[in-house]
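I opened this notebook to record what I looked up in one model. The entries follow the order in which I checked things.

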Amino acid sequence: MRENALRNVLMIKAIEESDRAGTLIPPADRAAATKAALRGSADKSIAAGGPLDAKALRMLSARADILLRQVVTRYPFVEAVLAQRGTTLAGGLLILASLLMGFSLSALDGSRRVDVLALPLLGLILWNLAAYVFVAINGVRSLTRKIRRPPSLAGLLVTAASGRIKRLIAKSAAFNAVLAEALGRFLGEWATATKPLWIARTVRLLHLCAAAVGIGLIVGLYLRGVVLDYRAGWESTFLGAGQVQAILSLIYAPASALTGIAIPDQAHIAAIRIVDGVGGEGAAPWIHLLAATTVLLVVLPRLALAFMQSAAIVRHTLHVSVPPSLIIYYRSAFGAIEGGHAVAAVMPYAYEPFGGATAALRRLLSNAFGESLVITLHAGTRYGEEERFLQQLAERGDDSADIIALLFNLAATPEDENHGVVIAGARDRLQRSQRHTRLLALVDERPYAARMAASGDSRLAERRDIWRNFVAAHGMTACFVDLGQSNTSASGTENAERLRNAVWQPATG
């Protein structure tokens with residue numbers, strides 16, 4: 001899916017999920033946009049499961065475009081949020097700072113002298129060679145699907161890009177809290193969905209900054225040579241002429257081949273040694289060698305790598321990976337008309353939820369994943385029947401549902417041979433099936449909290465930590481809920497957000 005299309009879809013998705021009352025986008029407008037998107041599709045069937053195909057993505061995009069035009073008309077600053085890039089100015093300032101840094105490197109040798117040993121240049125080359133090795137290693141890892149990109153790399157750019165957007169969101173909270181919540185949710189989902197794009201843009205910026213340092217060094221060298229009469233030479237406490245000649249032959253070999261300027265022999269090198277501030281020769285040939293070396297080993301490689309990143313950015317822009325959460329959103333948006341409702345299967349283990357818990361559970365899941373969500377509550381599985389639970393999961397075809405919610409009781413002590421088998425078994429089956437079904441580990445804390453309140457015990461946080469660590473050890477996130485009667489009419493916003501954040505989804509590809 002194209003970057004702009006996904007951006008618009010995620011914006012409308014965030015607004016609809018935050019605006020349950022329909023104050024930002026009235027229900028009639030949502031239904032009209034759905035029908036308009038369906039009219040524009042030759043095939044109006046709704047997929048029963050699996051990833052969204054190109055037709056479904058086009059329908060989502062068309063519907064989002066219709067609704068977004070209405071939202072922007074009512075709230076014009078939403079368009080400013082969508083249009084914010086945030087990195088253009090920051091990137092330009094970083095490149096300018098890099099140019100100035102390179103320019104300053106050219107003056108490190110002194111105000112009227114060029115050191116032919118070029119220690120600033122040598123340091124610059126070594127730094128870039130280390131970067132090239134790092135790029136090569138990551139390239140090999142990417143081929144074997146083992147690349148581990150540093151999360152801070154994307155995080156820094158996301159922070160820079162979202163700073164102004166966050167300020168706009170903060171201002172919007174003063175006059176429309178629901179819209180501010182929607183924009184905040186959009187920003188989080190957008191940053192997650194486009195993380196590879198942020199990484200590629202960050203890496204390209206780093207390559208351009210490195211090239212700018214080299215260009216700044218070259219500009220500084222030639223400006224010094226134009227306006228001042230510089231002398232080139234060398235001085236050293238430990239090195240002799242022979243050693244210096246060997247070092248220069250190594251450093252300037254590529255530049256010498258390109259420019260045709262020969263590296264002087266040992267006698268010439270000895271003659272330009274600076275002693276007590278006296279010595280050296282005209283600096284022009286050495287400035288040419290310094291500049292050519294910088295171009296060959298710094299500027300050109302970095303620009304080539306930046307070009308490669310630009311190609312990656314184009315690919316990511318045209319084909320951004322679609323978040324699995326859009327599957328349920330798609331079916332919620334179009335299901336009411338076409339009968340393709342999203343399905344959630346709730347499976348209690350070693351726990352029989354009381355009557356009021358069922359209504360609270362339905363409200364909780366609907367708030368998090370859409371009002372049109374069809375929720376089926378299965379009979380609880382007893383201790384010791386873990387294998388039967390997994391067998392029934394396959395026989396009933398529950399792994400074809402959009403969401404499977406495993407429901408546990410906080411009062412129980414989690415055990416690997418019981419709760420662990422259920423969690424790992426369901427997770428592994430979904431991973432093998434590749435149906436894009438999502439998995440939730442819900443822990444109802446109401447029975448335990450009621451018991452602790454009655455006895456005056458305050459170990460609720462300790463028990464939560466036990467369950468949190470246990471579920472995390474099995475590759476998931478525990479989501480604690482209180483299915484008491486008081487929650488059936490709760491605002492639901494915070495709980496819904498926690499449910500969405502706790503969802504586990506199979507890895508694809």
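**Entry 1. Strand β6 and its neighbours.** I am working from a predicted model. I started at a single bridge: Ile403 has Arg438 in β7 as its bridge partner. I then looked at the whole pairing and found β6 joined to β7, residues 438–444, by seven bridges. The two strands run parallel.

I next checked for β6 pairing with β4, which covers residues 343–348. That pairing is also parallel, and I noted five bridges for it. In it, Ala345 stands opposite Ile404 of β6.

Is β6 mostly covered or mostly exposed? I found it mostly covered, with seven of its seven residues, 403–409, buried. I sorted the side chains by direction: Ile403, Ala405, Leu407 and Asn409 point one way, while Ile404, Leu406 and Phe408 point the other. Both groups are buried, and I noted that Asn409 is among them.

**Entry 2. Aromatic pairs.** I wrote down two values per pair, because a pair of aromatic rings is described by the distance of the centres and the angle of the planes. My count for the protein is six aromatic pairs.

I looked up Phe186 and Trp190, which form a stacked pair with 6.2 Å centre to centre and 15° between the planes. The 15° angle counts as stacked because the cut-off is under 30 degrees. Why are these two about one helical turn apart? They are four residues apart in helix α8, so about one turn separates Phe186 from Trp190. Both Phe186 and Trp190 are buried.

The pair I took next was Phe408 with Trp467, which is tilted, at 5.4 Å centre to centre and 35° between the planes. This pair links distant parts of the chain, since Phe408 belongs to strand β6 and Trp467 to helix α19, residues 460–473. I have them as 59 residues apart. Phe408 and Trp467 are both buried.

I followed the ring pairs outward from Phe408 and got a cluster of Tyr349, Tyr383, Phe408, Trp467 and Phe470.

**Entry 3. Charges over rings.** I recorded two cases. Arg302 has its charged end over the ring of Trp127, 5.5 Å from the ring centre. Arg201 lies over the face of Trp198, and its distance from the ring centre is 5.9 Å.

**Entry 4. Nonpolar cores.** How many residues does the largest nonpolar core have? I read off 44. Those with the most contacts inside this core are Leu6, Met11, Ile12, Leu52, Val78, Phe186 and Phe334. I listed the elements that give two or more residues to the core: α1 (3–18), α2 (27–39), α3 (54–74), α4 (77–83), α8 (177–193) and α14 (325–338). The largest share, nine residues, comes from α3. I also found a second core, separate from this one, with 30 residues, including Leu117, Ile263, Leu289 and Val298. Going back to my aromatic notes, I see that Phe186 of the stacked pair is also in the list of most contacts for the largest core.

**Entry 5. Totals.** I closed with values for the protein as a whole. It has 20 helices and eight strands. Of its 509 residues, 49% are buried. The accessible surface comes to about 24100 Å², and carbon and sulfur atoms account for 59% of that. Among contacts between residues at least 6 apart in sequence, I have 84% joining residues at least 24 apart.

Notes: Residues are numbered from 1 along each chain as its sequence is written. This is a predicted model: local features need pLDDT of at least 70, side-chain atom pairs count only at pLDDT 80 or more; totals for chains, interfaces and linings use all residues. Side-chain values use heavy atoms; hydrogens and water are left out. A nonpolar core is a set of buried Ala, Val, Leu, Ile, Met, Phe, Trp, Tyr and Cys residues joined through side-chain atoms within 4.5 Å. Buried means under 20% relative accessible area, exposed over 50%, partly exposed in between (1.4 Å probe, protein chains only). Two strands pair if DSSP finds at least two bridges between them. Contact means heavy atoms within 4.5 Å. Accessible areas come from the Shrake-Rupley method with a 1.4 Å probe; for residues, only the protein chains shown count as cover. Rings of Phe, Tyr and Trp (its six-membered ring) pair if their centres lie within 6.5 Å; planes under 30 degrees apart count as stacked, over 60 as edge-to-face and the rest as tilted. A charge sits over a ring if NZ of Lys or CZ of Arg is within 6 Å of the ring centre and within 35 degrees of the ring normal.
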